[in-house]
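This text walks through a few parts of one structure. Please keep the sequence and the model at hand while reading.

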Amino acid sequence: MVEALCKGDKTALGRAITLVESNHRKHFEEANNIVTQCLKQQAKSIRIGVTGVPGVGKSTFIETFGQLLTSQGNKVAVLTVDPTSSQSRGSILGDKTRMEVLSKDPNAFIRPSPSGLSLGGVTRKTRESIILCEAAGFTIILVETVGVGQNETTVHGMVDFFLLLKLAGAGDELQGIKRGIIEMADAIVINKADGDNLTKAKIAKSEFENALQLYPPKENGWRPKVSSCSSTENTGIVEVWNIISNYVDKTRATGYFDKKRKLQNKNWLFEAIEEQLKADFFKDSLMAEKMEDYVSKVVSKEISPFYAADQLITLFKTRS
Ligand SMILES: Nc1nc2c(ncn2[C@@H]2O[C@H](COP(=O)(O)OP(=O)(O)OP(=O)(O)O)[C@@H](O)[C@H]2O)c(=O)[nH]1
C-alpha cells in the first residue's frame with residue numbers, strides 16, 4: 001500500500017487514510033507503520049489553513065483556488081477539520097456536493113472530515129493524513145475548517161499559513177471578529193467581492209488594513225495582508241496565491257518556515273502524550289469507580305476539585 005501511495009495512487013492514499021481514521025486497536029499498529037514509512041517520503045509542501053464562518057464561501061474559494069494551483073502543475077490535497085460531523089445533527093461543512101470540478105481533477109485529492117470523533121481525534125487524524133498526502137506527492141495541502149469554537153486554533157497549529165475568509169457588509173466587520181483569529185491570520189481575504197458587494201468589500205478591506213496596523217508584526221516579521229476576491233467570478237484569486245507564495249519564500253529564506261514545522265511536531269508529541277494519558281486515565285475501571293465518589297464529594301463541597309484530582313492521579317500512578 002505504501003509503495004502505491006508513494007507513487008501517487010489516490011486509491012491507496014484513500015485506503016491509508018481510512019486506516020489512520022479507524023478506531024480499531026488492530027488497525028492502530030498498521031496505521032502507525034504506514035505513517036512512519038511515509039514520514040521519510042514527504043514532499044516539500046505548503047500547508048494552508050482556510051477558515052471562515054459557515055456560508056462565507058470556503059468550499060467555493062477552495063474549488064477556484066485549487067484549480068488555479070493544479071493548472072500551475074501543483075498537486076493539491078484538501079482535508080477538512082469539522083468535529084461537528086461527529087454530532088447527530090450532521091456536519092456544518094455538509095454533505096452537499098462540494099468542489100465539483102476540483103474533485104474530478106486528477107491532480108487534486110479531497111477528503112472530508114473523519115466522522116464520529118472529538119476535536120482531539122479529528123486533529124490527530126488530520127495531522128497524519130497530511131503526512132500521507134505529502135508522501136503521495138501532494139505539494140499543497142489545504143486544511144479547511146469552520147470558523148467556530150476551537151477549530152481555528154487547532155488548524156492554526158498544523159499549517160504553515162493561515163487564511164481567514166471574511167464577508168463584506170455582514171455588519172460590524174471589526175467588532176464581530178474574535179481578536180484571537182485576527183492574531184492568528186497571515187492573510188484576511190474578503191470573499192464575494194463582486195456585484196453589489198464590490199464597494200462594501202473595498203471599504204471592509206481598508207478597515208481591516210487599518211485595524212491590522214494596530215497589531216505589532218508577527219514574531220517572524222510578517223505583517224498580515226488583506227485582500228479581496230470573488231470565488232464565483234474568479235477574481236483576486238491569483239493575488240491570494242501571490243501573498244502565500246511571498247510568505248513562503250520569505251519564511252523559507254529566514255529559516256522560520258522549518259523552525260515552525262519543528263515546533264509544531266514537538267507540540268504534536270506533547271498533545272499526543274496528553275491525549276493518551278487522559279484516555280488511559282478515563283478508561284481505567286478503578287478510576288471510573290472512584291470518580292463517582294470524588295465527584296459527589298466535590299459537588300457537595302466536601303473537598304476541592306484540585307485536591308480530588310491530586311488524590312485520583314496519585315492513585316492512578318500507583319496502578320501503572
Ligand atoms: N456572489 C458570490 N457568492 C459566493 C462566492 N463564494 C461563494 N458564494 C456563494 O455563497 C454560498 C456559500 O458558499 P460555500 O462555498 O458553500 O460556503 P462555505 O463557507 O463552504 O459554507 P459551509 O460549508 O456552510 O461552511 C454559496 O451559495 C456560494 O455560491 C463569491 O465569491 N461570490
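With which side chain does the side chain of H27 make a polar contact? The model is a predicted one, and in it the partner is the side chain of S22, at 2.6 Å. H27 itself belongs to helix α3. Setting aside neighbours within four places in sequence, the residues in contact with H27 are L19 and S22.

L19 leads on to the packing of two helices. In general, a packed pair of helices is described by two quantities, the angle between the axes and the distance between them. For helix α2, residues 10-21, and helix α3, residues 25-39, the angle is about 130 degrees and the axes are 8 Å apart. Angles over 145 degrees count as roughly antiparallel and those from 65 to 115 as roughly perpendicular, with the remaining range up to 145 counted as oblique; α2 is therefore oblique to α3. The crossing in which α2 passes α3 is left-handed. On the α2 side the contact is made by A16, L19 and V20, and on the α3 side by H27, E30, A31, I34 and V35. H27 thus appears both in this helix contact and in the polar contact with S22. Sorted by class, the residues joining α2 to α3 are six nonpolar, one polar and one charged.

A second helix pair lies later in the sequence. Helix α9 covers residues 237-254 and helix α10 covers residues 256-283; their axes come within 5 Å of each other and cross at roughly 85 degrees. The range from 65 to 115 degrees counts as roughly perpendicular, and α9 and α10 are therefore described as roughly perpendicular to each other. From α9, the residues Y247, V248, T251, R252 and T254 meet Y256, F257 and K260 of α10. By class, this contact of α9 with α10 holds four nonpolar, two polar and two charged residues.

The last part is the ligand. It is surrounded by 18 residues, of which the closest are K58, S59, T60, D194 and S231. S231 also places a backbone N or O atom 2.7 Å from an oxygen atom of the ligand. V56 likewise has a backbone N or O atom by a ligand oxygen, at 3.3 Å. For K192, the atom concerned is a polar side-chain atom, which lies 2.9 Å from an oxygen atom of the ligand.

Note on methods:
Residues numbered from 1 in each chain as written. Predicted model: local features only at pLDDT ≥ 70, side-chain atom pairs only at ≥ 80, totals over all residues. Heavy atoms only, no water. Axes fitted to C-alpha atoms, helices over the stretch in contact; angles between N-to-C directions. Helix = DSSP H or I, 4+ residues; strand = E, 2+ residues; numbered from the N terminus. Parallel < 35°, antiparallel > 145°, perpendicular 65-115°, else oblique. Left-handed = near helix turned anticlockwise from the far one by under 90°. Contact = heavy atoms within 4.5 Å. Nonpolar A, V, L, I, M, F, W, Y, C, P; charged D, E, K, R; others polar. Polar contact = N/O pair within 3.5 Å; in protein donor to acceptor, adjacent residues only side chain to side chain. Near = heavy atom within 4 Å.
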